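Here are my notes on this one, written so you can follow along with the structure open. Take the points in order and find each residue as you go.

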Amino acid sequence: MPGTRMSFDAFDHACMARALELAERGLYTARPNPAVGCVIARDGRVVGEGWHPRAGEPHAEVFALRQAGEAARGATVYVTLEPCAHHGRTPPCADALVAAGVARVVAAVRDPVPQVDGAGFARLRAAGVEVASGLLEAQARELNRGFLARVQRGRPWLRVKLAASLDGRTALASGESKWITGEQARADVQHWRARSGAILTGADTVLADDPALTARVQAEVVPPLRVVVDSRLRSLARARVRDGAAPTLYLHAPDVVPPAGLQAEFAAVPLRDGHLDLEVALRLLGERGINEVQVEAGPVLCGALLRAGLVDELLLYQAPLLLGDAARPLFAGLGIGSMAGRLRFRLMDEARLGEDRRLLLRPQA
């Protein structure tokens, strides 16, 4: 097997945990590439560290090798993803590790990209390097869940962000929703936007709120693609989503002809049951290298995504207030008529943000 699993000691765990910390530094900038960290250790001490900052620049292993220098010879390399074995924008990291004379490579998870997928392990082993994998694999998969989802199933990881009252309402009947949650919760949303490859919304949200849909954080960010699901292109009068701060893509029906001269891209999506086929839309985004999509939309689009089985997680901000039964729900059109048809979610994480709660939930089968 390309990556052999074996037992690891406390030092191994500490080094891989540090590699995962380093990898997180690339979450806002590395896409469409995965966020990868690397630690090189020899004789019980760390001699080199690195992470992958952005596509087209050296990978984490190269930065760590540069820092380690001659100390890399005979060392152990801890990397959160299998070293690449092909020429892309940069040379193969497996070759760089062999040339540096490392003795052992420990990877958290195998790279599913077809050009790698075990080939990196095989190249290392053929050169006499000891190879092991699986150390903190669950944490590494969680870190790059979007990249892995895109490569393995052909569509991005889909996160639906919602802000709701205690009675599960997202806006008044009039559509007014500013502000349900407090400043801390709204600032937290920006970090989730910043790690996303795309922020997706619907025509109704654009018409009602004229959102900018940008990631406003005090850090370097590759601006997420702004995606508007608008079958008839009826929201074009609202221009903040095309303000130039980030690229914008409208998804529309095949029979609609986009107007010329707008600062945006347009893509036709086939219809399914009279509506845009949302799975096809997500596969289109996957083909563009989008790893994670954050949905910030109204109950109709959110409900359609949930019914289609396309939602991977919910990012729910809950405020200590009530909006009443006339207000808008989290999801529309679920059509649940009995307890047997209820949708269950698993709580993955919970945090307190001022007076609000943030829940990260994932659907249960």
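**Notes on the chain, point by point**

1. Let's begin with the overall build: the protein chain has 10 helices and 18 strands. Keep in mind that this is a predicted model. Along its principal axes, the C-alpha trace spans about 65 × 45 × 40 Å.

2. Does the overall size fit a globule or not, and what are the numbers? For 365 residues, a compact globule would have a radius of gyration near 21 Å, and the protein chain has 23 Å, which agrees. Of those 365 residues, 52% count as buried.

3. Now for how the chain folds back on itself. Take the contacts between residues at least 6 apart in sequence: 69% of them join residues at least 24 apart.

4. A word on surface and charge. The accessible surface comes to about 16,500 Å², and carbon and sulfur atoms account for 51% of that. There are 45 positive and 41 negative side chains, and the centres of the two sets lie 1 Å apart.

5. Next, the record. An unreviewed UniProt entry lists Glu61 under "active site", and such annotations may be inferred rather than shown by experiment. In the model, glutamate 61 lies in helix H2, which covers residues 60–68. Is glutamate 61 buried or exposed? It counts as buried, because its relative accessibility is 3% and the cut-off for buried is under 20%. Setting aside residues up to four places away in sequence, glutamate 61 touches Cys38, Val79, Leu81, Pro83, Cys93 and Leu97.

6. The unreviewed UniProt entry also gives a "binding site" at Ser177, Arg193, Leu213, Arg216 and Glu296. Let's look at two of these. Arginine 193 sits in helix H7 (residues 183–194), and at 8% relative accessibility it counts as buried. Not counting neighbours within four places in sequence, arginine 193 is in contact with Ile199, Leu213, Thr214, Ala215, Arg216, Pro224, Gln294 and Glu296. Check that list against the record: Leu213, Arg216 and Glu296 are in it, and UniProt names these three under "binding site" too.

7. The other one is glutamate 296, found in the loop between strand E14 (292–295) and helix H10 (299–307). Being in a loop doesn't put glutamate 296 outside the buried group: its relative accessibility is 9%, so it counts as buried. Beyond residues up to four places away in sequence, glutamate 296 touches Lys161, Val189, Arg193, Ile199, Leu200, Thr201, Thr205 and Leu213.

8. Valine 102 is another loop residue, located between helix H3 (93–100) and strand E4 (104–107). It counts as buried at 6% relative accessibility. Which residues does valine 102 contact, leaving aside neighbours within four places in sequence? They are Leu65, Ala72, Gly74, Ala75, Val77, Leu97 and Val129. Leu97 is also among the residues that glutamate 61 touches. As for distance, valine 102 and methionine 16 are 86 residues apart along the chain, and their C-alpha atoms are separated by 16 Å.

9. Back to a helix: alanine 23 lies in H1. With a relative accessibility of 0%, alanine 23 counts as buried. Apart from residues up to four places away in sequence, alanine 23 touches Ala35, Val36, Gly37, Trp51, Thr80 and Leu143. Alanine 23 and alanine 60 are 37 residues apart in sequence, with 8.2 Å between their C-alpha atoms.

10. Some backbone details are worth a look. Arginine 31 and proline 32 are joined by a cis peptide bond, with omega about 10 degrees. Proline 32 is in the loop between helix H1 (10–24) and strand E1 (37–42).

11. Finally, which residues have a positive phi without being glycine? Aspartate 43 has a phi of about 55 degrees and lies in the loop between E1 and strand E2 (45–51). Leucine 233 has a phi near 55 degrees and lies in the loop between strand E9 (225–229) and strand E10 (248–252). What about their burial? Aspartate 43 is exposed, with a relative accessible area of 71%, whereas leucine 233 is buried, at 9%.

Methods
Residues numbered from 1 in each chain as written. Predicted model: local features only at pLDDT ≥ 70, side-chain atom pairs only at ≥ 80, totals over all residues. Heavy atoms only, no water. Helix = DSSP H or I, 4+ residues; strand = E, 2+ residues; numbered from the N terminus. Rg over C-alpha atoms; globule rule 2.2 N^0.38 Å. Buried < 20%, exposed > 50% of the residue type's maximum accessible area, 1.4 Å probe, protein only. Contact = heavy atoms within 4.5 Å. Areas by Shrake-Rupley, 256 points an atom, 1.4 Å probe, with all protein chains shown as cover. Lys, Arg positive; Asp, Glu negative; His and termini not counted. Charge placed at Lys NZ, Arg CZ, Asp CG, Glu CD.
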